[in-house]
Structures are given as C-alpha cells and as structure tokens.
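Visitor: Hey, I have a protein open on my screen and I'd like to talk it through. Can you take a look with me?

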Amino acid sequence: QPFRAAEKQHGLSNIREGREFNKAVDIAMHREKTLQGEMLDDLLQLNLLKPKGKIFKKGLAAEKYRSKIADDMENPAMNTEFNKYMDKLYFEKILPFAKKHNWKIHPYRKNYFPQMLRQDILDTMYDDIYTVQKKFPEIIRAAKGGSGISHAERMAARKTLKGEMKSFDKKTREALERIKSRHEGMDNLSAFEMLQQYTYNDKFKIFGNLEKGRTLDLPKSFYERDAAHVLTRYITKLGRRMAQVEQFGPKAEKADKFFADISRKSPRAAQTARDIYIRYNGTIEVNPRFGYSKGTRNFLNEYMAFSVATKIAGGFSTLFNVTQSLISTAVEAGLYRTMKSSLKLVSPTKGGKLLRQEVRRSGSSAYDVIKEISGLQHSDTLLSKVAQVVTVPFNLVNKANNVLAGATARDFVKDLHRIANSAKSKKRKWAIGKLKEFNVDYRKKLDDRTLRESMVKFARESQLQKNVLKDPLAFNNPIMRPFLMFKRFGFR
C-alpha cells in the first residue's frame, strides 16, 4: 500500500465517491495551471517584465521600471494599462465566478495594487511561527483562545512566548511590536495569533487579497514593490484559489462531503482522500506533525540542495533528459505528431507564433521540476542558490520537454476528438477512452479552455511532474521528501 499511487491506496479508486474525488483533484490541478497561464500571458502582453523595445529583464533598471508600475497603479491621478487589466479581471472574471460559486470576496477597490509581503520576510516570520508550533503547541492553543483555555494556561503561554521571542528574527519582533502599537491593549499572545493567521493564509490557505481585508499595517519595507513579483504571485494564488473553490467550495464544504461519503464505505479510503487533499492544497507543509524542527529542517534543506547540485548538475541527468520526449511524448502521442509539433513550435510563421502562445496560456510550460521535487522554492540559502544556478541547463531542457508535450497534446486531443466522433472509425472506442483520461467529453465541442487543460495534463503526466494522485503519499510528505526526492522518476 505505501508505494502504490495515492489515488489507488486502500481501495479509494474502487469506490464511486472516491473516483469522483480523484477526478475533482485532477481537474483542479490542471485548471489551476491553465488559469494561471492565461492571466500571466495577459500580463506579459502588457510588458510587465520590461518596456517594449528594451532588452533588460533583470538588474537595477528592471527594478526601477517595475517599482514605477506599482507606484503608478496606486496613483489616483493615473489609470495605467495594468489598472485597466486588473479592473477587467475583477469585473469580467472574478466577480461573476464569485457569484456563481457563492464565494465571498471584498468589494472593488480603485487604483488597486495587491499588498504582499516580501517573500524573504514572509518566510522568515513563518519560520519563527512554525518553530513555536512545533515546540510549544500550548502557545498555539492559548493564542486561539476559546472557552476551553483557562486564565492560568493563557498566562503560562504568555510567559513562554515572551522567552521564545528573544530567539525570533528582528523582522518578526518588529512585526509583532507594530501590530501591538496599532491595537491598544493587545498583548504578545494576541499579536502572535494575528501574525500567525496572516502568514499562514498568505503562504498556504485562503486568498487574502480577495477574501480578507488589510488587517495588518506593517512597515512599508516589509512589502514587495516589484510589480512583476507581486502580480505574478497574485495571479498564481488567484488561479489556485479559483480552482479550489470551483471543485471543493469556498469553505471546502464539497471536500468534507467527499470525505463523509467515502468514510461510510471505507474509513481507510476516506483517510487516504484527506491525505491527498492536504498534499494538494499545501496545508501539509505547515502541519507540525509532518515536519522537522528548525535545525533539522535547515540541515535537510542543505542536504537536498547538495544532492540536487551533485546528482543533477554533476551527473548525466541533463543528457538523459534531452531524449526524454522520445520515450514519453512520442510514445504516447506518436512520433510523427511529436515531430510535426516540434517543427511548428520553432516556426517563425503566424501558426508557430500562435502555437507558442497557446502553450504559454495553457500553463504547461510553467514548471520547475527541481523545485517541485526538492522543495528548494522554500529555501534561500547559499547552497540552494548554487543548486538553482548549476541546474539551469537541466531546467531549460525540462522546460523544452514540457513545451513540446503541451504542443503535441493540442494536436493529439484534436485528433482523438475527431476520431471519437467518426462513426466509421475502427479506433473510435479507443479514442473515447483516451479522451476520458484527459477529462474530455467527446460529445461536447472542443474549446480553448478544454484544450489548454488537456495540454497541462499531458505535460504533467508524460514528463513525470509532481502529481499528488499518481505519486505515493510518502513522496509528497515533507518528512520523507529528503529521502525520496529522486525516486519519483523510477517509480513513475
């Protein structure tokens, strides 16, 4: 059982409600990427990274350009192209979606620029909070309050927290003092709970920029002003949240119903579904039961960075990865179709340009295998940075494989749809079955959204990307990740 695909563990896929749950997770994973890809491409068309005609994307000039975008967006006297896009996004996509799914969001805000903490500060503060969660669960219980917490327990927790705060990073202490200064009479425990909820929601759970008001007023230096970073994070979180709301409800009520229905037939299968869900939504990353202490975690992050640098960059992985498409995309979709798509991708013609844009809009190319398997996206140490630099060739080849897989899938699904709707074709039954694997109903007309989600799904599965359904549960467990991070390729 431990090393079976998660979707099949304890008979989950043998139960009708279990299959429906697996399908909902599958759809959510691919819809998320497509929503993100569509919105990111929109922003790139507005010259988010650099002014039209300029060549810089990094450096001081780029920082100034993108910081000015943020300033201009907040300026009441201006109405930039980015303001117009955010307004259009709110009124034409977010608001209708929210009404349809009974998703409570905040009212429209003119000259809106998302307020987001700098990633390094967010990670630092959460690291301190996570340490408290791991070492002193009584502080967390007392901070949340409730009728079950006595005055004596709260006082003891306050004393323990006061001592622990001495080991906090100065930014965390500064944030706590700022919160207390803005709320008269607030103690450390209440300020800690407020900061904990804010950082937790920002990193892993709800989409605070739409669902919560600006409850914290931290120093300006704490907030990111690079518009490329902020808007990219915004649409990344928006795409994920919309996919979650659509498939599982604003308060995960649909997920809870799945668990209850599955539990009536098999409690063990229901627990498997819950385990899959926390891996899908990321909350397993913040559960102390599935994590290490700060010191152990830092050591293992360094170990993973070293392993990535030596085993990927120092080995033959990049060379092997060059031929990956021949044993994945070409085998599944056909060598002729794969070669045809590869030639079209590099073509300077209008058709080639449109195909490259469709790949971008599908979200199938926005994937970093090294960060996904090792968790290095949560680390900013020197060794992690070295690992990211030396694995650039591997990542470039991997991105090319994903782009090719997405492009090939577009033609593949179109061909399957045509065959499935051809009554005389001998392959009709096979084509219908293949389309079902793509979550495509052959009786319905193919639209751009369906094609894009199919492209993401094909790229994810043919290139052995992280998949909480296909991977065993252990592979996406933070405790086991350091020891299993290179085993996914062999298993899949």
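Visitor: Let's jump right in: at roughly what angle do the axes of H18 and H23 cross?

Guide: Roughly 75 degrees, and the axes come within 9 Å. H18 covers residues 350-362. One thing to keep in mind as we go: this is a predicted model.

Visitor: OK, so what do I call that arrangement of H18 and H23, in words?

Guide: Roughly perpendicular. The range for that label runs from 65 to 115 degrees, and the crossing of H18 and H23 is at roughly 75, so "roughly perpendicular" is the term to use.

Visitor: Which residues in H18 and H23 meet?

Guide: On the H18 side you have Glu358, Val359, Arg361 and Ser362. They meet Arg452, Met455 and Val456 of H23. By type, the residues of that contact divide into three nonpolar, one polar and three charged.

Visitor: Let's swap partners. How do H1 and H23 pack?

Guide: H1 (residues 16-45) and H23 (residues 448-462) pack at about 115 degrees, with their axes 9 Å apart. That makes H1 roughly perpendicular to H23.

Visitor: And is the crossing of H1 and H23 left-handed or right-handed?

Guide: Right-handed.

Visitor: What do H1 and H23 bring to that contact?

Guide: From H1 there are Asp26, Met29, His30, Arg31, Lys33, Thr34, Leu35 and Glu38. From H23 there are Arg449, Arg452, Glu453, Val456, Lys457, Arg460 and Glu461. The contact of H1 with H23 divides into three nonpolar, two polar and ten charged residues.

Visitor: What about H1 and H10, parallel or antiparallel?

Guide: Roughly antiparallel. The label needs an angle over 145 degrees, and H1 and H10 cross at roughly 150, so they qualify. Their axes come within 8 Å, and H10 spans residues 227-248. H1 passes H10 in a right-handed crossing.

Visitor: Which residues are involved where H1 meets H10?

Guide: It's a long list, so here are some of them. In H1 they include Phe21, Ala24, Val25, Ile27 and Leu43. In H10 they include Leu231, Ile235, Gly239, Met242 and Phe248. Taken by type, the contact of H1 with H10 has 15 nonpolar, five polar and four charged residues.

Visitor: Zooming out now. How many helices and strands are there in the protein?

Guide: There are 25 helices and zero strands. The radius of gyration is 24 Å, close to the 23 Å that the globule rule gives for 492 residues, so the protein is as compact as a globular protein of that length.

Visitor: What does its C-alpha trace span along the principal axes?

Guide: About 80 × 60 × 50 Å. Buried residues make up 50% of the 492.

Visitor: And what share of the contacts join residues at least 24 apart?

Guide: 74%, counting contacts between residues at least 6 apart in sequence. Thr329 and Ala405 show what such a pair can look like: they are 76 residues apart in sequence and 5.8 Å apart in space, C-alpha to C-alpha.

Visitor: Where is Thr329 found, and is Thr329 buried or exposed?

Guide: Thr329 is in helix H16, which covers residues 329-333. Thr329 is buried, with a relative accessible area of 0%. Not counting residues up to four places away in sequence, Thr329 touches Gly334, Thr338, Ala405, Thr408, Phe458, Ser462 and Gln463.

Visitor: Let's try a loop. Where does Asn477 lie?

Guide: In the loop between H23 and H24. Asn477 counts as buried because its relative accessibility is 11%, and the cut-off for buried is under 20%. Leaving aside neighbours within four places in sequence, Asn477 is in contact with Arg279, Ile284 and Phe290.

Visitor: Last topic: backbone angles. What is phi of His10 near?

Guide: Near 55 degrees, which is a positive value in a residue other than glycine. Most residues other than glycine have a negative phi. His10 is in the segment before H1, and at 23% relative accessibility His10 counts as partly exposed.

Visitor: And what about phi of Asn439?

Guide: Asn439 has a positive phi of about 60 degrees, although it is not a glycine. Asn439 lies in the loop between H22 and H23. With a relative accessible area of 30%, Asn439 is partly exposed.

Conventions
Residues are numbered from 1 along each chain as its sequence is written. This is a predicted model: local features need pLDDT of at least 70, side-chain atom pairs count only at pLDDT 80 or more; totals for chains, interfaces and linings use all residues. Side-chain values use heavy atoms; hydrogens and water are left out. Axes are lines fitted to C-alpha atoms, for helices over the stretch in contact, and angles run from 0 to 180 degrees between N-to-C directions. Helices (H or I, at least four residues) and strands (E, at least two) are DSSP runs, numbered from the N terminus. Angles under 35 degrees count as roughly parallel, over 145 as roughly antiparallel, 65 to 115 as roughly perpendicular and the rest as oblique. A crossing is left-handed if the near helix is turned anticlockwise from the far one by less than a right angle, and right-handed if clockwise. Contact means heavy atoms within 4.5 Å. Ala, Val, Leu, Ile, Met, Phe, Trp, Tyr, Cys and Pro count as nonpolar, Asp, Glu, Lys and Arg as charged, and the others, Gly among them, as polar. The radius of gyration is taken over C-alpha atoms; the globule rule is 2.2 Å times the number of residues to the power 0.38. Buried means under 20% relative accessible area, exposed over 50%, partly exposed in between (1.4 Å probe, protein chains only).
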